[in-house]
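Q: Hey, I've got a structure open and I'm a bit lost. Could you walk me through it?

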Amino acid sequence: MMKMKAWQYAEYGSVDVLKLATDVAVPEINDDQVLVKVIAAALNPVDYKRRLGYFKATDSPLPITPGYDVAGVVVKVGSGVKGFKEGDEVYGDVNEKALDGPKQFGTLAEYTAAEERLLALKPKNLDFVQAAALPLAIETAYEGLERAGFSEGKSILVLNGAGGVGSFVIQLAKLVFGASKVAATSSTGKLELLKSLGADVAIDYTKQNFEDLPDKYDVVYDAIGQPEKAVKAVNETGVAVCITGPIPPPGFSFVLTSNGSILTKLNPYLESGKIKVVIDPKSPFPFEKVIEAYTYLESHRATGKMQDGDDDNNLVVVPCKRLG
């Protein structure tokens, strides 16, 4: 049986429960799965919430190898897999339901197993670090817009537009959905970033309360956790969507269902360079420094995937050097 290095925890708790194990069995694959050699993996806020035991009632059994996002190379293919072959460069979020039975063996390892339907071919113009930063955040952005019925000609306000999810909501709303007007909030230092991503209106939340401004929107996308305020910026027929928890009407919240077909659909926008990937300047972290990466992420200072007081960032970790 092949062994690999992987980060694991055998109990829930602070970063101190994380251990780098060197003798973990390489996962066996099912017929509908591929085995991926992990070149880069990303940490998202859900990773530390999971480690703290926020949803342990629906989690996989301990010990857990954490990690949702992956970019890497297919080294083995299940008998039922049609779309990938050995050597393909792929990326995706390996956990179909984020909070309901995420895999016991995730992406912070040298190898990870994932269902074909959760993965997509990596855009050729992105390196593995950039690709790993995408799946959970961009799929969450897309699914929220779709669930909100966002469409051409509508207006949107994005709370925390500089964060991992928010930075993609701005770009997707504008480029893919055809928004008539995109507004977004951030701290003072990130206002230029919002504009570079395509925001028509950049609101400094340290100087203005967005909910008190006269403009109201068809959709308010809350990517930070201000549901009570978010619903106040919605127009008469509008809706608010929240990714951090419950929200009063006219709002709804949802949890991402990972789906590689979203990545495939967005591939032309990524390969043309129209959609920009915003990565925290501290990324990537070497594989040995996963505890430091978690600590940094949990201090909420991460950009792009970071904003001051921001809870919507991700950081990239590099388990394996590039093959070949």
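What follows is a chat about domains, salt bridges and one aspartate.

Q: Before we start, what kind of model is this?
A: This is a predicted model, where local features need pLDDT of at least 70, side-chain atom pairs count only at pLDDT 80 or more, and totals for chains, interfaces and linings use all residues. Residues are numbered from 1 along each chain as its sequence is written, and side-chain values use heavy atoms, with hydrogens and water left out.

Q: Cool. How is the chain divided up?
A: Into domain 1 (3–136 + 257–319) and domain 2 (139–253); the bounds come from an automatic or database domain assignment. Taken over C-alpha atoms, their centres are 26 Å apart.

Q: And how many residues of each domain are in contact?
A: 29 residues of domain 1 are in contact with 28 residues of domain 2, where contact means heavy atoms within 4.5 Å. About 2200 Å² is buried between domain 1 and domain 2, and carbon and sulfur atoms give 50% of that. Buried area here is the accessible area (1.4 Å probe) that two parts lose on being put together, summed over both.

Q: Which helix gives the most to the side of domain 1 that touches domain 2?
A: That's H7 (260–271), with five residues. Helices (H or I, at least four residues) and strands (E, at least two) are DSSP runs, numbered from the N terminus.

Q: How many salt bridges are there between domain 1 and domain 2?
A: Zero. A salt bridge here is a side-chain nitrogen of Lys or Arg within 4 Å of a carboxyl oxygen of Asp or Glu.

Q: OK, and what's the salt bridge count by that rule?
A: Twelve. One of them pairs Asp-32 with Arg-117, with the closest N and O atoms 3.5 Å apart. That pair links distant parts of the chain, 85 residues apart: Asp-32 is in the loop between strand E2 (19–25) and strand E3 (33–43), and Arg-117 is in the loop between strand E6 (111–115) and strand E7 (119–121).

Q: Why would side chains like that pair up at all?
A: In general, side chains of opposite charge can pair when their charged atoms come close.

Q: Is Asp-32 buried, exposed or partly exposed?
A: Partly exposed, at 32% relative accessibility; Arg-117 is also partly exposed, at 44%. The cut-offs: buried means under 20% relative accessible area, exposed over 50%, partly exposed in between (1.4 Å probe, protein chains only).

Q: What does Lys-122 pair with?
A: Glu-89, in a salt bridge at 3.5 Å, N to O. Lys-122 lies in the loop between E7 and helix H2 (128–132) and Glu-89 in strand E5 (residues 89–93), so the pair ties together parts that are 33 residues apart in sequence. Lys-122 is buried at 9%, while Glu-89 is partly exposed at 27%.

Q: And what about Asp-204, which residue does that one meet?
A: Lys-207, with a 3.3 Å N to O salt bridge. Asp-204 is buried at 6%, but Lys-207 is exposed at 63%.

Q: Switching topic: where does Asp-69 lie?
A: In strand E4 (residues 69–77), and Asp-69 is buried at 0% relative accessibility.

Q: So what does the Asp-69 side chain make a polar contact with?
A: The side chain of Asn-44, at 2.9 Å. A polar contact is a pair of N or O atoms within 3.5 Å; within protein, one must be able to donate a hydrogen and the other to accept it, and residues adjacent in sequence count only if both atoms are side-chain atoms.
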